Amino acid sequence: MFAAGSNVSLADISIDTPVDKMRFADREVFVKRDDLIHPDFSGNKARKFQFFLTQDFPHINKVIGYGSPQANSLHSLAVLAKLRGWQLDYHVDHIADYLKQNPQGNYLAALNNGANIVEKPKHVSGNLDSYVSDLAKQASANEIYIPEGGRCEYAAEGLETLGLQILSWMHQQNMTRLNLFLPSGTGTTALFLQRFFKRYLPQASQPTVTVNVITCSCVGGDNYLTHQFSQLTSQSEFHPHIVSNGTKYHFGKLNRQCYDMWRRVCDSGIEFELLYDPVGFIMLEHFLNKDYKAETVDNTWPVMYLHQGGLLGNPSMLARYIRKYGQ
Ligand SMILES: *Cc1c(COP(=O)(O)O)cnc(C)c1O
């Protein structure tokens with residue numbers, strides 16, 4: 001949509017994205033291309049941070065965030081801060097020496113966008129979460145605090161925009177039932193989407209339009225993900241359906257099955273990302289199997305995969321894969 005490497009401006013960011021099709025597991029799978037929002041500001045991070053792009057914040061001059069130095073959200077926050085003319089202080093546990101000496105991927109992109117990436121002081125005990133939320137409590141009125149990965153109510157605005165786009169696409173297709181599949185980290189994207197569809201669509205005994213959000217856990221186990229959902233809502237009817245094939249894939253760890261799946265889905269002509277999407281497609285294939293049984297969802301419904309961006313991290317991850325498994 002936009003040339004890679006271009007400077008981002010607010011006017012460049014189009015949050016309406018196309019829907020493509022691919023063949024997968026003997027099915028037609030629709031792909032919502034949120035990777036195309038903008039090369040420097042894409043995927044679910046762009047959706048989750050939409051609120052901070054569209055509202056006026058006359059008094060703010062600084063944003064405080066935290067997470068991994070390789071995270072997609074670091075890159076997106078850096079771009080957001082630059083667009084708004086804010087300083088970004090992004091706190092991390094530790095930056096590996098290798099990364100400091102060879103900045104790359106999201107870390108490099110964030111530095112190039114002026115991010116101030118700060119390691120937690122060695123003498124501070126306790127985890128990064130509580131350290132940064134304590135810092136945030138002392139923040140001035142000119143500073144805004146965004147929890148890890150945009151896990152906060154603000155994220156709902158952009159995800160509701162996305163939900164509306166999906167409903168209007170379904171309407172154009174005369175489609176009344178959809179399984180929307182996406183892999184989860186914190187689960188914020190999946191949960192806010194499911195909550196939106198439940199609240200927005202009338203829940204009569206014969207609902208006219210239904211969207212079920214189906215997800216899988218990529219960072220902790222299923223219990224961790226359910227716990228994350230409960231932190232975001234006390235209403236369990238808003239929880240997305242979690243698919244698992246019983247295997248636990250360790251986040252960021254190289255895995256042959258993940259690599260093979262990634263190459264297989266990239267053959268469709270769409271480039272997917274290498275951390276979440278391989279697990280996502282492994283679980284989607286499991287879900288689409290005719291023997292898959294669940295009480296609350298029906299795997300014969302049309303299915304849409306949400307492409308959540310994150311492609312900037314691919315080159316460094318792919319280099320690791322090629323070193324381990326070859327081309
Ligand atoms: C951040 C991210 C996720 C996880 O999103 P959550 O809302 O934390 O579940 C999934 N895929 C990609 C590409 C991401 O960047």
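This section describes the strand pairing, the salt bridges and two surface patches of a predicted model.

The model contains an open sheet of 6 strands, arranged in the order E1-E2-E10-E7-E8-E9, with mixed pairing. Its edges are formed by strand E1 (19-24) and strand E9 (241-242), each of which pairs on one side only. At the E1 edge, E1 and strand E2 (residues 27-33) pair in the antiparallel sense over 6 bridges. Within this pairing, Phe24 has Arg27 in E2 as its bridge partner.

Elsewhere in the sheet, strand E7 (residues 177-184) runs parallel to E8, and the two are joined over 8 bridges. In this pair, Leu178 stands opposite Val211 of E8. Strand E8 spans residues 210-217 and is mostly covered, with 8 of its 8 residues buried. The cover extends to both faces of E8. On one side the buried residues are Thr210, Asn212, Ile214 and Cys216, and on the other they are Val211, Val213, Thr215 and Ser217. Val211, the residue opposite Leu178, thus belongs to the same face as Val213, Thr215 and Ser217.

Salt bridges were searched for across the whole structure, and 13 were found. In general, side chains of opposite charge can pair when their charged atoms come close. One of the salt bridges joins the side chains of Arg33 and Asp35, with an N to O distance of 2.9 Å. Both partners are covered: Arg33 counts as buried because its relative accessibility is 11%, and Asp35 counts as buried because its value is 9%. These two residues are also linked with Asp20 in a network of salt bridges.

A second salt bridge is formed by Glu119 and Lys100, whose closest N and O atoms are 3.0 Å apart. This pair links distant parts of the chain, as Glu119 lies in strand E5 (residues 116-119) and Lys100 in helix H4 (residues 97-101), 19 residues apart. Glu119 is partly exposed, with a relative accessible area of 28%, and Lys100 is likewise partly exposed, at 39%.

A further salt bridge connects Glu153 with Arg195, the closest N and O atoms being 2.7 Å apart. Glu153 is placed in the loop between strand E6 (143-145) and helix H7 (155-172), whereas Arg195 is in helix H8 (residues 188-200), so the pair ties together parts that are 42 residues apart in sequence. The partners differ in accessibility: Glu153 is partly exposed at 46%, while Arg195 is buried at 5%.

Two patches were identified on the surface, one positive and one nonpolar. The positive patch is made up of Lys253, Arg320, Arg323 and Lys324. Of these residues, Lys324 is located in helix H12 (residues 314-325). Lys324 is classed as exposed because its relative accessible area, 53%, is over the 50% cut-off.

The nonpolar patch consists of Val219, Tyr224 and Phe251, which together have about 230 Å² of accessible area. Tyr224 is found in helix H9 (residues 222-232). With a relative accessibility of 31%, Tyr224 counts as partly exposed; this value is also over the 30% required of residues in a patch.

Conventions. Residues are numbered from 1 along each chain as its sequence is written. This is a predicted model: local features need pLDDT of at least 70, side-chain atom pairs count only at pLDDT 80 or more; totals for chains, interfaces and linings use all residues. Side-chain values use heavy atoms; hydrogens and water are left out. Patches are made of residues with over 30% relative accessible area and no salt bridge: like charges are joined within 9 Å, nonpolar side chains (Val, Leu, Ile, Met, Phe, Trp, Tyr) within 5 Å. Accessible areas come from the Shrake-Rupley method with a 1.4 Å probe; for residues, only the protein chains shown count as cover. A salt bridge is a side-chain nitrogen of Lys or Arg within 4 Å of a carboxyl oxygen of Asp or Glu. Lys and Arg count as positive and Asp and Glu as negative; His and the chain ends are not counted. The place of a charge is taken as NZ of Lys, CZ of Arg, CG of Asp or CD of Glu. Helices (H or I, at least four residues) and strands (E, at least two) are DSSP runs, numbered from the N terminus. Buried means under 20% relative accessible area, exposed over 50%, partly exposed in between (1.4 Å probe, protein chains only). Two strands pair if DSSP finds at least two bridges between them.
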